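Reader: I would like to learn how to read helix packing and enclosed space in a model. Please take me through one case.

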Amino acid sequence: MGAIISNLSKTKKLGEILIDEGLLNPTQLETALAEGKKRNLRLGAALASLGIISEDNILNALSSQIELKKIDLSKIIVDPAVGRILPEVLSRQFKMVAVSLKDGILTVALSDPLNVFATDALKKHVDYNIEIVLAKEHDILKAIDFVWTVKEVSKATPNQNIFSTDTKTLYGAAYSQTGVPPFSAPSSPDFSATVKEVLQSEDVNIIKLVNDIIVSASNNRASDIHIEPLSDEIIVRERIDGELIESRRIPLQFLNSIIARIKIMANMDIAEKRNSQDSRFEINAGEKNLDVRVSIVPTINGEKAVFRLLDKSSKVVKASEMPIDKNYKEKILKIIYRKYGLFLITGPTGSGKTTTAYSMIAELNVINKNIITVEDPVEYKIRYINQIEANQKGGMGFPDALRAVLRQDPDIILVGEIRDEETARIAIQAALTGHFVISTLHTQDSSSAISRLIDMGIEPFLISSSIAGIIGQRLVKRLCPACKQPYEPESELLKELGLLSEIKFIFFKAKKDGCDLCNRTGFHGRINILEILIPDANIQKLIVEKSDAALIRSAAIKDGFIPLRMAGLKKVIEGITTLEEVLQATQDI
């Protein structure tokens with residue numbers, strides 16, 4: 001039989017290790033030992049349950065003292081064929097899972113490597129040399145569930161690298177350069193095999209398939225992935241530049257395995273099939289570190305999954321670096337550097353409001369400012385900014401969280417969204433009492449935001465006194481610079497839009513079937529079009545008088561305000577987007 005590759009034979013007991021590391025005192029040790037004896041728990045579990053030491057700190061101490069590698073198993077894709085080298089009963093009894101097999105060495109993750117019964121069982125049941133690594137118990141149990149849920153995809157041969165050609169393809173360059181699969185999701189994947197080829201094999205590699213779906217979508221700049229069961233097959237669609245585009249079709253027989261894999265990755269209840277579930281997980285996709293939000297709902301054809309992909313490795317752009325016209329940028333910067341006031345960002349769902357809000361707090365993020373956000377959910381984590389996730393089901397919705405924030409001595413507050421009168425009233429009161437507040441509001445344009453607040457029940461004089469500025473915005477698709485084509489729009493349309501003039505403008509449209517740069521769509525990325533309403537004395541007076549949005553808008557235009565459609569048409573004339581894109585984005589204004 002094989003040997004344990006580690007320093008376990010010369011190791012102290014866990015209690016001694018933790019005392020040596022300064023994490024535990026003798027009194028606490030005695031308390032934990034008594035608790036463990038009473039509840040039949042090992043020392044580590046007893047310490048964690050009593051809140052004396054976290055599991056992370058215990059693993060860190062073990063890693064330091066006995067020189068074992070600690071891995072984040074929640075981000076590891078365990079090949080079921082490797083995991084099944086250990087019998088399921090053994091894995092569950094001792095909470096351990098095999099994670100890789102290379103050159104006759106089996107790597108096994110344990111949360112309690114000092115359990116001699118576990119290591120003895122490994123020696124008796126495994127015909128390999130064994131390397132022990134450390135992982136959280138919860139993550140190990142999740143990995144075991146996954147290993148014994150999905151269909152087995154390959155065979156483990158003694159003294160042979162378990163990572164098959166498919167898995168080498170999955171791990172790409174990271175594998176070929178080192179010969180050792182990384183302890184993470186693929187760092188440079190190369191999914192050369194087509195989905196059809198993978199699915200035609202006798203055993204379908206569900207792990208590879210799900211990861212291929214995520215990484216391919218990320219490479220295609222998709223913001224969302226839809227995995228939808230039809231009556232006879234599964235369709236996968238990616239939302240790219242705001243539009244859903246079909247990416248592949250998969251036989252319906254693989255739906256349950258795909259959904260089970262997704263649920264394991266997102267720490268969902270595998271057995272729950274009648275109710276919707278929401279969760280999240282992180283995964284590396286090439287050079288991107290993705291935060292993946294998952295929603296699963298039951299449909300008449302089976303469960304449907306939707307992923308929202310957020311690139312955690314991407315830098316939040318500061319307001320001063322936003323790719324917008326200089327005059328808009330100057331107005332935004334002038335507003336956000338005020339000491340107090342409410343700055344609203346408006347627009348429909350998917351118009352980039354959150355991104356704009358983040359750019360503002362990123363600009364204001366300096367060490368002498370206390371910036372606090374209340375979001376649902378937190379989209380991007382920013383260093384030095386205190387971010388709170390509102391949770392209505394958990395008893396802390398936006399109003400409760402916002403009240404708590406006001407007791408935290410804030411300078412700047414970001415409220416993810418104003419959804420009701422209570423949140424609006426607290427935000428406005430904060431803006432009037434010396435805080436600068438940034439928030440978003442679902443309205444069609446900037447002037448409609450005022451009517452919306454009045455409809456919520458906010459007194460007009462409070463709105464007039466508190467608002468520092470309102471942005472209305474939309475996202476429109478950017479023409480592919482490599483293949484866009486000039487054309488002549490109909491003169492009637494140009495006349496209707498006020499673009500008929502002695503100056504001859506050159507208009508562009510997307511090339512049919514595009515090019516390689518734009519994935520044959522004719523478009524590449526999106527741009528933001530903005531309008532910025534800064535209430536002056538005249539508009540403040542109209543607000544107090546409860547004037548409608550149209551009158552406020554008309555007064556603002558006389559004062560130099562540029563509406564969204566005009567801002568969009570400027571981008572059309574500059575050859576950046578199309579007339580159709582702007583008209584579609586602003587048709588409701």
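Reader: Which residues in helix 8 meet which residues in helix 12?

Author: Keep in mind that this is a predicted model. From helix 8, Lys142, Asp145 and Phe146 take part, and they meet Arg261, Ile264 and Met265 of helix 12. Sorted by class, this contact has 3 nonpolar and 3 charged residues, and no polar ones.

Reader: At what angle do the axes of helix 8 and helix 12 cross?

Author: Helix 8 spans residues 137-147 and helix 12 spans residues 255-265; their axes cross at roughly 175 degrees and come within 10 Å. Angles over 145 degrees count as roughly antiparallel, and helix 8 and helix 12 are therefore roughly antiparallel to each other.

Reader: Now to empty space. How is it found, and how many cavities of 30 Å³ or more are there?

Author: Rolling a probe the size of a water molecule over the atoms shows where empty space is left. In this model the count is 5 cavities of 30 Å³ or more. The largest cavity holds about 180 Å³ of space.

Reader: Which residues are closest to the centre of the largest cavity?

Author: Leu73, Ser74, Ile76, Arg261 and Met265 are the closest, out of 16 residues that line the largest cavity. Two of these names, Arg261 and Met265, also appear in the contact of helix 12 with helix 8.

Reader: Which element supplies the largest share of that lining?

Author: Helix 8 does, with 4 residues. Helix 8, helix 12 and strand 8 (277-285) each supply at least two residues of the lining. By class, the lining has 10 nonpolar, 1 polar and 5 charged residues.

Technical notes:
Residues numbered from 1 in each chain as written. Predicted model: local features only at pLDDT ≥ 70, side-chain atom pairs only at ≥ 80, totals over all residues. Heavy atoms only, no water. Axes fitted to C-alpha atoms, helices over the stretch in contact; angles between N-to-C directions. Parallel < 35°, antiparallel > 145°, perpendicular 65-115°, else oblique. Contact = heavy atoms within 4.5 Å. Nonpolar A, V, L, I, M, F, W, Y, C, P; charged D, E, K, R; others polar. 1 Å grid on protein atoms, 1.4 Å probe; cavity = no way out; pocket = protein on both sides within 12 Å on 5 of 7 lines; lining within 4 Å. Points joined across faces, edges and corners; volume = space filled by probe spheres on them.
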